[in-house]
Amino acid sequence: MEFKDIVNRDLVNLENCVDEPIHIPGTIQPFGFLLALKAPDLLIDFCSANTFDFCGLTYEQLLGKSFEEVFGAEQASAVKRYVLAHENIPGAPLALALMNKVFTCTIQVSPDQYLLEFEQQQEGKLQVADLYNQAKQLAVYMQSAGTLKMLCQSVADETRAITGYDRVMIYKFDENYNGGVIAESRCESVEPFIGLHYPHTDIPAQARELYLTNLFRVITDVNDKPVPIYTIADLPGKNLDLSMSVLRSVSPIHIQYLKNMGVGATMSVSLKHHDKLWGLIVCHHYSPMYLTSDVRVAAQLQAHFLSSQISVREVAEEYELAKKINSSLDELVSLIFSGDDIPIDSLIHQKELLTICNASSVIVVLNDEIYSQGNVPAEAEIRKLINWLHTYNSRTGFSTSNLSLLYPDAKKWCTALSGIIYYSLGANINDCIIWCRPELLEDVTWAGKPTKPQTREERLTPRTSFASWAEVKKCEGQKWQKPELVATASFVNAFQRYVYLVYLTKEERKQRQLNEKLREANVELENMYWIGSHDLKEPLRKIQMFASKIISDESAGNFDMIFHSVKRMNDSAQRMQLLISDILSYSRLSHVDEKLTMVSLNEVVTSVLEELYDEISALDAVKISYGDLPDVSGATFFLNQLFVNLLRNSLKFTRPGVPPQVSINYEGETFLPESGDPEQLFYKIVVADNGIGFDEKFKESIFKVFTRLHAQSSYGGSGVGLALCRKIMTNHKGYITAGSVPGVGAEFMLYFPR
């Protein structure tokens, strides 16, 4: 039978370090030995080279044989019972007697293989009372520690007391996996590491992944020579996954790294939070250090306890921050919805607008107008920033503590604006709100200058200097906390409703003004009526009277009387001309020139139907329908008048005994020769009814003022409605035409420019 070792002899360098297969080194540390058994018959398939040192048998004597054949049926049965009991969940170490020696055996179970790791059983086994006391001490920590950092410090102290290491650190990762020492317990002879930071390259990505898979790693002596693992040479590329192994040897790069630090032995336990690597409990000893499996279990218990408390403590600290923030948020929301007419500028200058997220300044852009509080960049720079923000994230919002990484121009304003929370308000393209923080100018102390090579142009070697190196972080603000982000999102929601209410209030005020103008216009129309019925008639009567005198027999030869009569006639004509001129001038002055905006015709028609509800309800079996209408450029008030007149016209000229039917439909886009622009497209809207109709020869005259096709006694009205419709369409640069079949109905075609 031929045997071979599975040692990974590939040279680790910059070209392959990020892909180093650290889970299959093919070697173990020498403080125990390893057997890998095939399932389910327990044939020994892998064996470490140091078995003779522990049980007096070489790997050649073990490989290919069954575990029962070598060590006896009782020990084989114990392994099988363990496997059945812990098929899915790893159990506590198992005590096995091999060759008259008692070993502590850690077993990792997989479908095809059982990995057995043996360590000589030591004196001083941890008792149940010890575990009870440890659990009780953890409960004390939980009650007495006011913050997560205080709890970390207690765990570091207790872990050092249990293990006896020279130094125990709680090491926390940031979002980029740079690490910082947030708690430390040490003997007096070693220098402190508390507050030091380590670059993310010190723990490569594949090592972090392995920390998530196997939460525990121990190195008993950095100077130990790794022990190779052997197997039967029956298959090419045969290997053994040691991801969950206790004895697994580590990368030579990491061993050299520890030697450069002067460390002789280490232990680390992972701290997980939301299935991510939150940090590590890292233990250093400055000489070789071996811990029994019982002590290691006790140390892991500390880590599990701390991991379980991370969420609780972070939520508690967030709650305390949220309590302070929410009082400011409540003040703002109460102010917004107090019912008082608060100007936007006044609202932006409320101090609570900054304290809801502990910002130093805020910028609000509404309808292209910029409002701000605090130290902000110049207006031109703000406009450049909001244009970039709209392009970068137009629909929602985002936050960053270092804007210059995304927007390099921001480096110019780091003292005022380094971190931002941005929300688009959505009303107009650039409407937004931005909370700002200045750069923190934080002094970060690294454990050695963090210049470990990260490019292929440099060679990878473990850092040889761990002297403290200070760096000043520039253009980076304090990180935004979750309660601050939640508070700003809540305010933005309330603020958007507030802006909408302000808009509605303005619209209501505008509507009242229009109604008032309409009332005044009605009064003015009445005045014009009296002018037409009285003042204009009076000059005509005088002209008629003096003309009669001139043509009478009495006037013959009476030059003075003729002259006097003609003069009076001329005066009356001039007065009539002046009255007409005044009426026309008055009409021009009363014209309302509204700014055109995009208007939904669907909304206009809906509004008109609501306005005419009573008139429509008074008719029997009336049916009014409309399809999906386009948005057009127009003035809402006049478009409303347009459809009111058209619908009233259709509802007035109905056939006796025939239920009125009116439809309003969009018939697409078309060109109009009469527009004079062959490239201008028009939206075509058709308003059709089933009324009495009219003769086609009147299709133009019906749009003239005071033109009536029917007797006043038959159908009421002033004869002005359709004239107003044409005037409105003309003001909108559009056209209106009509068509009809008498006794069948009428159609009015509206053409709005696209």
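In the predicted model, the structure holds 21 aromatic pairs. One of these is formed by Tyr171 and Tyr198, whose rings are 5.6 Å apart from centre to centre, with an angle of 55° between the planes, so that the pair is classed as tilted, given that only planes over 60 degrees apart count as edge-to-face and those under 30 as stacked. This pair links distant parts of the chain, since Tyr171 belongs to strand β8 (residues 167–173) and Tyr198 to strand β10 (residues 197–198), with their positions 27 residues apart in the sequence. Tyr171 has a relative accessibility of 7% and therefore counts as buried, and Tyr198, at 5% relative accessibility, counts as buried as well.

A further aromatic pair is made by Trp435 and Phe491, which is edge-to-face because the planes of the rings stand at 75°, while the ring centres are 6.0 Å apart. Trp435 is placed in strand β19 (residues 432–437) and Phe491 in helix α13 (residues 482–535), so this pair ties together parts of the chain that are 56 residues apart in sequence. Both Trp435 and Phe491 are buried. Ring pairs also occur in a connected group, in which Trp388, Tyr392, Phe398, Tyr407, Trp413 and Tyr422 are linked into a cluster.

Aromatic rings are also found beneath charged side chains in this model, as two cases illustrate. Lys238 lies over the face of Phe46, at a distance of 5.5 Å from the ring centre. In the other case, Arg437 lies over the face of Trp480, and here the distance from the ring centre is 3.9 Å.

Oppositely charged side chains form another set of contacts. Side chains of opposite charge can pair when their charged atoms come close. The structure holds 19 salt bridges, and among them is the one between Glu119 and Arg296, in which the closest N and O atoms are 2.5 Å apart. Distant parts of the chain are linked by this salt bridge, for Glu119 lies in strand β7 (residues 113–120) and Arg296 in helix α9 (residues 293–336), at a separation of 177 residues. Glu119 has a relative accessible area of 3% and is therefore buried, and Arg296 likewise counts as buried, with a relative accessibility of 5%.

A second salt bridge joins Lys412 to Glu381, with 3.4 Å between the closest N and O atoms. Here Lys412 is located in the loop between β17 (397–400) and β18 (419–424), whereas Glu381 is part of helix α12 (residues 379–392), and the pair links distant parts of the chain that are 31 residues apart. Lys412 has a relative accessibility of 53%, which means that this residue counts as exposed, the cut-off for that class being over 50%. Both residues also take part in a wider arrangement, in which Glu381, Lys384, Asp409 and Lys412 are linked in a network of salt bridges.

Arg648 and Glu615 form a further salt bridge, their closest N and O atoms being 2.8 Å apart. Helix α18 (residues 636–652), which contains Arg648, is thereby linked to helix α17 (residues 613–617), which contains Glu615, and the two residues are 33 residues apart. Arg648 has a relative accessible area of 37% and is partly exposed, and Glu615, at 35% relative accessibility, also counts as partly exposed.

With regard to enclosed space, the count comes to one cavity of 30 Å³ or more. The largest cavity holds about 30 Å³ of space, and its lining is made up of Asn214, Phe216, Arg217, Val218, Ser245, Val246 and Arg248. When the lining residues of the largest cavity are sorted by class, three are nonpolar, two are polar and two are charged.

Two loop residues complete the description. Leu240 is found in the loop between β12 (227–232) and α8 (252–261), and its relative accessible area of 1% means that Leu240 is buried. The C-alpha atom of Leu240 is separated by 7.9 Å from that of Ile6, although the two residues are 234 residues apart along the chain. Ile203 lies in the loop between β10 and α7 (205–213), and, with a relative accessibility of 12%, Ile203 counts as buried because the limit for this class is under 20%. Between the C-alpha atoms of Ile203 and Tyr177, which are 26 residues apart along the chain, the separation is 8.4 Å.

Conventions. Residues numbered from 1 in each chain as written. Predicted model: local features only at pLDDT ≥ 70, side-chain atom pairs only at ≥ 80, totals over all residues. Heavy atoms only, no water. Phe/Tyr/Trp six-rings, centres within 6.5 Å; stacked < 30°, edge-to-face > 60°. Helix = DSSP H or I, 4+ residues; strand = E, 2+ residues; numbered from the N terminus. Buried < 20%, exposed > 50% of the residue type's maximum accessible area, 1.4 Å probe, protein only. Lys NZ or Arg CZ within 6 Å of the ring centre and 35° of its normal. 1 Å grid on protein atoms, 1.4 Å probe; cavity = no way out; pocket = protein on both sides within 12 Å on 5 of 7 lines; lining within 4 Å. Points joined across faces, edges and corners; volume = space filled by probe spheres on them. Nonpolar A, V, L, I, M, F, W, Y, C, P; charged D, E, K, R; others polar. Salt bridge = Lys/Arg side-chain N within 4 Å of Asp/Glu carboxyl O.
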